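Visitor: I should like a close look at a single part of this structure, namely the site of the ligand. Please describe its surroundings in one connected account.

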Amino acid sequence: MVEFPIYRLRRLRKNTLLRRLMRETTVSVGNLIMPYFVCEGKAIKNPVTSMPQVNQLSIDNLLKEAQECQRLGIPAILLFGIPKKKDLLGSAAYAKNGIIQKAAAAIKDKRIDILIITDVCLCEYTSHGHCGVLSNKSVDNDRTLNLLAKTALSHAMAGADMVAPSSMMDGQVKAIRTILDKNNFTDIPIMAYSAKFASSFYGPFREAAESTPAFGDRKAYQMDFANSREALREVAQDIKEGADIVMVKPGLGYQDVIYRIKQEFHFPLAVYNVSGEYAMIKAVAQKGWLDEEKAVLEIMTGFKRAGADLIITYWAKDFAEWLNA
Ligand code: PBG
């Protein structure tokens, strides 16, 4: 090896073309998933205060957005539902004419060429806001599984192309895979929220999805943010149960977890760049304290560098527009 200072790493960074040539990681629009919050009604576009540019949309407006995403080359959208009525069992989650079921059918009807991924969880649909049904004020894992399975099946029947269970119930992937297979939906993949941490960064989402728990928190089912070996066990379990894609959520404070999972499993891996991460950058950018576009490119590249294959982000559309600009 040539001795310092003759050997210089900086030689390869000195102009734009060299930097482009040497770039190890790129994020493409093809890796992005855009989330939406769908509500009942017509011509509705309710801004979510803590998430600038994010809205609760009625189905007519969602269709326009889905078309936009298709035009921009975004391959997939992730749908969260806001039902008309909530109850103890979250029955609007698996109702035949539930909001997600109607939204999926409407997109398919319009023949919009985009993958419809649906969130499978009860928290938006239960009156208490927890991700499962309650027994004695705590979430009953096993009674919830059946309802999650029913929800996933109803989504597939309505036209969903992929389901994404996010409730962190043990056995949710197996319960969903089993019911889908039994009903001839063997081709519908499952993207499992495998390592979902109990995080304060979901705050703005809970405003958007109207899913703040009425009492307590989600620590009994979501993971302790101090643990990464446990994340590996969660991922191993989900892969065993039949997950096609596993996920880490949130993203920003968890890149070590992304890296470890990628190294250990070599499995398709998604990261959820969550609402609080979005709100944080938006707020700072609005103050003019940093450049949003550059910051977002840096964050997305960081996710990919860590090992994420797919990125779920509220910036998907903006990102596509910036890349096309
Ligand atoms: C529902 C769910 C949540 C998010 C995705 N699915 C909220 C939660 O667990 O409280 C958060 C996404 C975000 O913050 O952007 N279980």
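**The ligand and its surroundings**

Guide: Around the ligand there are 18 residues, of which Lys-196, Arg-206, Lys-249, Ser-275 and Tyr-314 come nearest. The model is a predicted one, and the description that follows should be read accordingly. Sorted by class, the shell around the ligand comprises 10 nonpolar residues, three polar residues and five charged residues.

Several polar side-chain atoms can be placed in relation to atoms of the ligand. For Lys-196, a polar side-chain atom is 2.7 Å from an oxygen atom of the ligand. For Lys-249, the partner is a nitrogen atom of the ligand, and the distance is 3.3 Å. A polar side-chain atom of Ser-166 likewise lies 3.3 Å from a nitrogen atom of the ligand. As for the ligand as a whole, it has 400 Å² of accessible area on its own, and the protein covers 100% of that area. The space that the ligand takes is the largest cavity.

Ser-166 merits further attention. In the chain, Ser-166 belongs to the loop that runs between strand E8 (162–165) and helix H5 (172–182). Is Ser-166 buried or exposed? Its relative accessible area is 4%, and the cut-off for a buried residue is under 20%; Ser-166 is therefore buried. Besides its approach to a nitrogen atom of the ligand, Ser-166 has a partner within the protein: its side chain and that of Asp-119 are joined by a polar contact of 2.8 Å.

Two further loop residues may be examined in the same manner. Gly-307 is found in the loop between helix H10 (292–306) and strand E12 (310–313). With a relative accessibility of 12%, Gly-307 counts as buried, because buried means under 20%. From C-alpha to C-alpha, Gly-307 and Ile-100 are 31 Å apart in space, and 207 residues separate them in sequence.

Ala-92 has its place in the loop between strand E4 (76–82) and helix H3 (99–109). The relative accessibility of Ala-92 is 17%, so Ala-92 counts as buried. Between Ala-92 and Asn-146 there are 14 Å in space, C-alpha to C-alpha, and the two are 54 residues apart in sequence.

To return to the ligand, its environment combines complete cover by the protein, 100% of its accessible area, with polar side-chain atoms of residues including Lys-196 and Ser-166.

Terms used
Residues are numbered from 1 along each chain as its sequence is written. This is a predicted model: local features need pLDDT of at least 70, side-chain atom pairs count only at pLDDT 80 or more; totals for chains, interfaces and linings use all residues. Side-chain values use heavy atoms; hydrogens and water are left out. A residue is near a molecule or strand if one of its heavy atoms lies within 4 Å of it. A polar contact is a pair of N or O atoms within 3.5 Å; within protein, one must be able to donate a hydrogen and the other to accept it, and residues adjacent in sequence count only if both atoms are side-chain atoms. Accessible areas come from the Shrake-Rupley method with a 1.4 Å probe; for residues, only the protein chains shown count as cover. On a 1 Å grid over the protein atoms alone, a cavity is a set of points where a 1.4 Å probe fits but cannot get out, and a pocket is an open set with protein on both sides within 12 Å along at least five of seven lines; lining residues have an atom within 4 Å of a point. A molecule sits in a cavity or pocket if more than half of its atoms lie within 2 Å of its grid points. Ala, Val, Leu, Ile, Met, Phe, Trp, Tyr, Cys and Pro count as nonpolar, Asp, Glu, Lys and Arg as charged, and the others, Gly among them, as polar. Helices (H or I, at least four residues) and strands (E, at least two) are DSSP runs, numbered from the N terminus. Buried means under 20% relative accessible area, exposed over 50%, partly exposed in between (1.4 Å probe, protein chains only).
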